[in-house]
Amino acid sequence: MTPQSTPATDDDSLVLSALWGALRVFRVLALVYALWSIWVRHAEMARLDLALMVIGVLSVWTAYMYVSRRRDLRIHVMEMVLASAAVMSTRWFDTPLSATTGDTTIPGVWQNVPVVAIALILGWRGGLIASLVITAVMIAQVGQFDSEPLSNAGLIVMLGTCLGFGADVARTEQAELRRALARQAEVAERDRLARVVHDGVLQALAFIHRRGRDIGGESARLGMIAAEQELRLRALVIGMPLPELEVAIAGPVDLRRALDAAVTESATLVASAEPVELDSAKAQEVVAAVEAALDNVRKHAGPQAQAWVVVDDLGADVVVTVRDDGPGVSQDRIAEAAQSGRLGVSSSIKGRIEDLGGRARYLTSPGGGTMVEMWIPKGRAAT
Amino acid sequence: MKGQANNPRQPGPDGVDPLAGADGDLGSGLADRPLRVVVADDHPMWRDAVARDLVDAGFSVVGTAADGPSAVSRTLATAPDVLVLDLNMPGMRGSAVCAELAAAGSPARILVLSVSGEPEDVLSTIKAGATGYLVKSASREEFLEAVRRTAEGRAVFTAGLAGLVLGEFRRLGQQPPPAEGDVPAAPELTERETEVLRLVATGLSYKQIAAQLFISHRTVQNHVQNTLAKLQMHNRVELVRYAIERGLHE
């Protein structure tokens, strides 16, 4: 299926197409029924010849509609006018009983066809109006408000409104489906691009990086540039976010992916192969806390320090550990900093995590750099 | 996920951790005869460079392959000590290559060398029997060291890989316990193994971990090795069970 080959319309909807197909057949059957019911009461008809002429006109119209398969509003408004005229002709051409009580009409049930058609085109409002119009015409034919057509009105109104509502739903569904397909195509295209980039550009950049470093000197510098671009490009093709998709699926987000953006340049993210799901508001706080921790690494451990962000999913809790390989800070100094009001370290990380009902602690070991461990419960926050 | 199992910025004075922290008995495999290696990579550029590096360092490259199926056949034909395997090759995924080799009873140890691993791919390849994973941007020395370690049957673990393995055990642990008796229970890590794996994931070297936990470097190595063995064993049992189920139902 190529999306470009046919212009997308609402009537791509399977449900709507099926209803239009059914309506096309119903129009013919309704005509046959009208003819048969005239045949049954032909003896009492006031003007059988003119009644048959009305049926003749309806037949031509039905044949045209069957062949042309038109679905536009204009033709069905015309059909509505024609049906109204056919209903009104009952007053003069039909049996006296039909003309005065309205228990049947010359078109029989054929006049419901434009009601259904307009409902399909305009939705429930259109269906309601069309059904009210045809009811009014039928009451006018009898010339008396409190009549058979009025008691039958409920059925016609229900028919018009319900089918119209169904058409509305079908159209909405169709639009959703189209959007989903477009999104799917987007993802597929991204995957294709990722493969291409992976097979070509990334391989070459990694090669330059490694060779450059092996050769040394100026080449090593070139290698570092290649490495940086390799990292960026890899981030782009593998972790490319689909904001639309993220918004569509509000609620839990993948913490790995959320953290990914925060740690791109400065650290290595270590996580499972499976998504680590966390409430999106919570995930944002965790990301902010990790960013704060990485800021501290830059400030205190120097630009040369490396950092690792480890996400460990324990089921009920998530443990996020940020470690750097800098000189490390002693526990005393952290406590001292908190006491002297320099709360940068504590408040921006501890505060956030404790707000989420979790806890954060610092660990430091000689030669092992500084380590911040954050426990975050996955369930509701205690606050 | 970028930078997860691999990060070109990672190698540094300490970044090569698990490799750099190795003890002194390296390269002992080279004492008697050169280690035999098969290199499988669909990029000629990489294949040649890797093979040349190996030859220059005294290894014997007994075969090269440009796609998955020929990686399997070369490895079976030449019975090398180590297969250096690119993750994404045409014809067969890395995990399928490992599975085929395991099924054929190949004793060759497998070191995965990849430019960027999707975490799922890396994990499935490791589960299928590879004992090491290294990014292509690792330096020549790191790479050669990794091949030696792999030949000795020692796992080559990066922080990223430790994260994947740990994550897999967490996932297995959270599955409901099997109802039927014949279904194998998910493997579990001991407390120590978990602790060690988490420390490896934070980028610490074996030596640093050993110092922190007051255990020997060798013990750290063994713990890491055990986690991998458990995972691979579980994978094999699962595969057999799956095969039997399929067989019974067909």
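Let us start at Arg69(A), which counts as exposed because it has 9 C-beta neighbours inside 10 Å, and 12 or fewer is the mark of an exposed residue. This is a predicted model, so the burial described here belongs to the prediction. Arg69(A) sits in the loop that links α2 and α3 of chain A. Its backbone deserves a look too: Arg69(A) is not a glycine, yet its phi is positive, about 50°. As a general background, most residues other than glycine have a negative phi.

Arg70(A) belongs to the loop between α2 (48–68) and α3 (73–93) of chain A. Is Arg70(A) buried, exposed or partly exposed? It counts as partly exposed, because 14 C-beta neighbours lie inside 10 Å. Leaving aside neighbours within four places in sequence, Arg70(A) is in contact with Met65(A) and Ile75(A). Arg24(A) is 46 residues from Arg70(A) in sequence, and their C-alpha atoms are 9.7 Å apart in space.

Chain B offers another positive phi at a residue that is not a glycine: Phe214(B), at about 55°. You will find Phe214(B) in the loop between α9 (206–213) and α10 (217–249) of chain B. Phe214(B) counts as exposed because 7 C-beta neighbours lie inside 10 Å.

Now step back to the two chains as wholes. Chain A contains 12 helices and 7 strands, and 38% of its 383 residues are buried. Of the contacts in chain A with a separation of 6 or more, 69% are between residues 24 or more positions apart. Chain B has 10 helices and 7 strands, with buried residues making up 51% of its 250 residues. Among the chain B contacts between residues at least 6 apart in sequence, 71% join residues at least 24 apart.

For a buried part of chain A, turn to helix α9 (residues 255–263), where Arg256(A) is found. Arg256(A) is buried, since 27 other C-beta atoms lie within 10 Å, and 20 or more are enough for that class. Glu274(A) is 18 residues away from Arg256(A) along the chain, and 9.0 Å separates their C-alpha atoms. The buried residues in α9(A) are Leu255(A), Arg256(A), Ala258(A), Leu259(A), Asp260(A) and Val263(A). What do these buried residues pack against? Their partners in chain A are the strands β1 (252–254), β2 (268–270), β3 (277–279), β4 (307–313) and β5 (317–324), together with the helix α10 (280–301).

Helix α10(A) leads on to the nonpolar cores. In soluble globular proteins, nonpolar side chains tend to be buried together. Here the largest nonpolar core has 112 residues, and those touching the most other members are Val309(A), Val84(B), Leu85(B), Leu111(B), Val147(B) and Val200(B). The element giving the most to this core is α10(A), with 8 residues. A second, separate core holds 36 residues, including Val54(A), Val115(A), Leu120(A) and Ala130(A). Returning to Val84(B), and not counting residues up to four places away in sequence, we see that it touches Val37(B), Val39(B), Ala40(B), Val50(B), Leu111(B), Leu113(B) and Val147(B).

Chain B also has some helix pairs worth following. The axes of α7 (residues 159–174) and α8 (residues 191–201) of chain B come within 7 Å and cross at roughly 140°. That angle makes α7(B) oblique to α8(B), and the crossing is left-handed. On the α7(B) side the contact is made by Ala159(B), Ala162(B), Gly163(B), Val165(B) and Leu166(B), and on the α8(B) side by Leu197(B), Arg198(B), Val200(B) and Ala201(B). By class, these are 7 nonpolar, 1 polar and 1 charged residues. The buried residues of α8(B) are Glu193(B), Val196(B), Leu197(B), Arg198(B), Leu199(B), Val200(B) and Ala201(B). After α8(B) comes Gly203(B), whose phi is positive, near 85°.

The other pair is α3 (residues 68–78) and α4 (residues 94–103) of chain B, packed at an angle of about 30° with their axes 9 Å apart. These helices are therefore roughly parallel to each other, and their crossing is right-handed. Gly68(B), Ala71(B), Val72(B) and Thr75(B) in α3(B) meet Ala96(B), Val97(B), Glu100(B) and Leu101(B) in α4(B). This contact divides into 5 nonpolar, 2 polar and 1 charged residues.

Notes
Residues numbered from 1 in each chain as written. Chains lettered and ligands numbered in written order. Predicted model: local features only at pLDDT ≥ 70, side-chain atom pairs only at ≥ 80, totals over all residues. Helix = DSSP H or I, 4+ residues; strand = E, 2+ residues; numbered from the N terminus. Contact = placed C-beta atoms within 7 Å. Axes fitted to C-alpha atoms, helices over the stretch in contact; angles between N-to-C directions. Parallel < 35°, antiparallel > 145°, perpendicular 65-115°, else oblique. Left-handed = near helix turned anticlockwise from the far one by under 90°. Nonpolar A, V, L, I, M, F, W, Y, C, P; charged D, E, K, R; others polar. Core = buried A, V, L, I, M, F, W, Y, C linked by C-beta atoms within 7 Å.
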